[in-house]
Amino acid sequence: MKTRYSYGGDEHIFVECDEEMSLEAFFKSLSMTAAVKKARIKGVTEICPANASMQVKFDPDVIKPSDMLKELKAIEKAAAKAKPVIKSRIIEIPVLYNDPWTHETLMRFRERHQDPKSTDIEYTARINNLDGVDGFIKAHSGAPWFVSMVGFVAGLPFLYQMVDRKRQIQSPKYLRPRTDTPKLTVGHGGCFGCIYSVRGAGGYQMFGITPVPIYDPNQKIKHLKEFMCLFRPGDIVKWKPIGREEYDATVAAVEKGKFNLKMKDVTFDLGEFKKDMDGYNAKLMGALNGR
Amino acid sequence: MAVKVIKPGLSTTVQDLGRPGYYHIGIPLSGGMDRLALKAANLLVGNKEGAAVLEAVFMGPELQFTDDATVAVTGAELPPKVNGEARETWTSFKVKKGQTLSFDFLKKGARAYIAISGGIDVPVVLGSRSTYTLGALGGFKGRKLEAGDKLPVGKGRGAKEGRSIPEKLRRAPGMPAELRMLPGLYWHRITAEAGKHFFTDTWKVAPEADRIGYRFRGGRPLEFVPREQPFGAGSDPSNIVDACYPYGSIQVPGGTEPIVLHRDAVSGGGYFMVGTVISADMDLIGQLQPHTPARFVEVTMAQALKARRDQAKLYDKLKASL
């Protein structure tokens with residue numbers, strides 16, 4: 001893992017922790033982000049962590065770009081010594097896989113897909129050697145996912161599954177992006193999952209839909225009253241497969257302000273996790289379910 | 001005081017100087033694409049430089065005033081009219097209670113800034129009144145104006161009419177437009193040859209040009225340095241592991257059509273970028289019409305910072321002229 005720095009014009013510095021995605025690169029990006037925040041460098045206006053990189057926006061009238069670069073390099077050295085342990089939240093997100101809305105959409109854009117004869121789930125199951133739709137749902141919802149980046153559009157989480165690289169689900173993006181994606185679609189591109197926070201264009205495979213809103217600019221929805229975006233980098237997501245009845249009931253509960261998001265504070269230790277991933281994930285599930 | 005929207009124009013939104021601090025969760029800066037023109041419009045009518053104004057694209061709205069106000073229109077040459085009578089751009093004028101402000105056809109540029117004394121008084125969301133349409137956030141109900149909307153306007157005495165900004169201080173793109181850029185980010189992904197013709201080729205603004213980003217076409221496709229794609233990046237040579245996108249960054253999906261991200265930028269994604277348009281030239285992009293020829297001009301960091309100082313000096317002169 002070699003860190004690479006680049007100026008993004010005169011107002012940004014881009015820090016690539018690694019060219020390829022890994023939990024180590026993601027943790028390096030998180031610890032750099034935390035250290036830059038803590039350093040309170042004058043002139044910094046945005047600190048944005050991403051999957052395997054991070055970016056700082058600054059005012060060059062306040063701090064010279066070359067001085068900003070020096071600060072970041074010094075911080076990198078200090079951050080490298082930080083223990084890969086973070087305070088996190090584990091959040092349960094119910095998913096109706098193979099739902100009618102993403103199905104209608106994926107049929108509408110079939111000619112833009114690699115395999116017009118299957119659905120996105122069937123295709124992704126096949127190229128990942130999973131046992132059909134059921135096998136796919138088991139793999140997708142079986143182990144939790146890290147929120148490795150929030151962005152693209154408001155509140156959209158990028159998710160990275162907490163399993164060995166050989167068990168990571170991988171799928172290409174659509175050949176040509178769709179012009180439409182239903183709001184709250186659970187998608188996947190490369191090795192990353194996502195939830196589309198708003199309706200709009202998109203290129204990720206579409207697997208299902210969640211009834212739980214994750215972005216509310218009006219801040220009316222109960223779990224979004226404090227802030228309009230649910231996710232923060234470093235959160236952990238556990239998918240819960242649900243049927244149509246529970247989906248409808250959850251939508252109704254959200255509307256009535258009676259839906260309670262299942263969420264617990266946890267501490268995540270990368271070292272411990274790497275020793276026994278499945279065992280560590282089971283413990284996280286225990287924390288989520290109050291065991 | 002309020003302003004009634006008779007006709008909304010093509011895409012008229014409320015904008016100020018933007019909403020910094022939320023890019024890490026995908027909420028972009030927003031705000032006027034041509035910030036210098038926005039600030040000039042505010043100063044002309046006696047507002048603070050960062051008051052909320054209307055940004056009208058290609059076509060002006062028709063607005064009826066419920067009270068007297070001072071108005072100025074800057075940026076694009078979109079000639080204003082009061083009850084059908086022509087007024088000057090870049091010059092303050094009065095609109096009386098009951099009168100209608102409308103516009104003639106666009107003569108030059110792309111975005112006009114309409115400042116009204118007192119400023120557009122929509123609620124402040126996350127520190128700004130700017131509209132972020134994609135996220136239905138801020139501005140007037142999170143969207144562009146529609147006929148029948150009643151825009152609240154703040155209290156303000158309003159400067160006198162006839163205040164004007166000299167023509168030499170009205171910055172506008174040349175022909176072809178020259179956008180200075182600092183190569184970097186994933187520049188190493190393209191061949192030296194591709195790097196050369198990226199700068200020598202003349203590009204044209206594509207019809208897909210909006211507040212999120214400006215697309216350019218017409219230059220030769222960029223050739224990539226061959227490599228085995230890193231894990232998680234995706235199979236196309238233009239793919240990277242999804243990363244943050246700087247404002248002004250130039251991504252080239254598939255190596256064919258560069259897209260320069262602007263004030264409503266998507267905050268990150270999986271396309272490589274060849275560099276970033278310098279901060280001093282971001283305003284110019286907001287004034288480019290589709291089909292305008294444009295070139296990318298390579299600069300160093302020292303030149304970028306010099307250009308930024310020149311832009312600041314221009315603004316100082318503009319303030320001094322009033």
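## A two-chain model, from its core outwards

The largest nonpolar core has 171 residues, and those with the most contacts inside it are Ala41(B), Val53(B), Val71(B), Ile114(B) and Ala115(B). Helix α1(B) makes the largest contribution to this core, with 8 residues. Please keep in mind as you look around that this is a predicted model.

Val53(B) is a good place to start. Leaving aside residues up to four places away in sequence, Val53(B) touches Gln15(B), Leu38(B), Ala41(B), Asn42(B), Tyr113(B), Ile114(B), Ala115(B) and Ile120(B). Ala41(B), Ile114(B) and Ala115(B) are on that list of neighbours, and they are also named among the residues with the most contacts inside the core. In general, nonpolar side chains tend to be buried together in soluble globular proteins.

**Domains of the two chains**

Each chain has a domain assignment, and the table sets out the bounds.

| Chain | Domain 1 | Domain 2 | Distance between C-alpha centres |
|---|---|---|---|
| Chain A | residues 4–80 | residues 87–288 | 28 Å |
| Chain B | residues 2–165 | residues 177–318 | 28 Å |

In chain B, the contact between the domains takes 21 residues from domain 1 and 15 residues from domain 2. On the domain 1 side, α1 (35–45), β5 (69–77) and β10 (108–116) of chain B each supply at least two residues. Helix α1(B) gives the most to that side, with 4 residues, and α1(B) is also the element with the largest share of the nonpolar core. By class, the domain 1 side of this contact in chain B has 11 nonpolar, 6 polar and 4 charged residues.

In chain A, 8 residues of domain 1 are in contact with 9 residues of domain 2. On the domain 1 side, the largest share, 4 residues, comes from α1(A). That side divides into 7 nonpolar residues, 1 polar residue and no charged ones.

**The sheet of chain A**

Now let us turn to a sheet in chain A. Four strands form an open sheet in the order β1-β2-β4-β3, and the pairing is antiparallel. At the edges are β1 (4–8) and β3 (44–49) of chain A, each of which pairs on one side only. From one strand to the next, the twist averages 15°. As a general reminder, strands of a sheet pair through backbone hydrogen bonds, either parallel or antiparallel.

Strand β3(A) is joined to β4 (residues 53–58) of chain A by 5 bridges, with the two running antiparallel. One pair to look for is Val44(A) with its bridge partner Phe58(A) in β4(A).

Two helices accompany these strands. Helix α1 (residues 23–39) of chain A lies across β2 (12–16), β3 and β4 of chain A, running at about 160° to β3(A). Helix α2 (residues 65–80) of chain A packs on the sheet, where it touches β1, β2 and β4 of chain A, and its direction makes about 30° with that of β2(A).

**Where the chains meet**

Which elements of chain A supply at least two residues each to the side that touches chain B? The contact itself takes 44 residues from chain A and 41 residues from chain B. On the chain A side, β1, β2, β3, β4 and β6 (145–150) each supply at least two residues. The largest share, 5 residues, comes from β3(A), which is also an edge strand of the sheet. The chain A side divides into 23 nonpolar, 13 polar and 8 charged residues.

How values were computed: Residues numbered from 1 in each chain as written. Chains lettered and ligands numbered in written order. Predicted model: local features only at pLDDT ≥ 70, side-chain atom pairs only at ≥ 80, totals over all residues. Pairing = 2+ DSSP bridges. Axes fitted to C-alpha atoms, helices over the stretch in contact; angles between N-to-C directions. Contact = placed C-beta atoms within 7 Å. Nonpolar A, V, L, I, M, F, W, Y, C, P; charged D, E, K, R; others polar. Domains from an automatic or database assignment. Core = buried A, V, L, I, M, F, W, Y, C linked by C-beta atoms within 7 Å. Buried ≥ 20, exposed ≤ 12 C-beta atoms within 10 Å, placed from the backbone.
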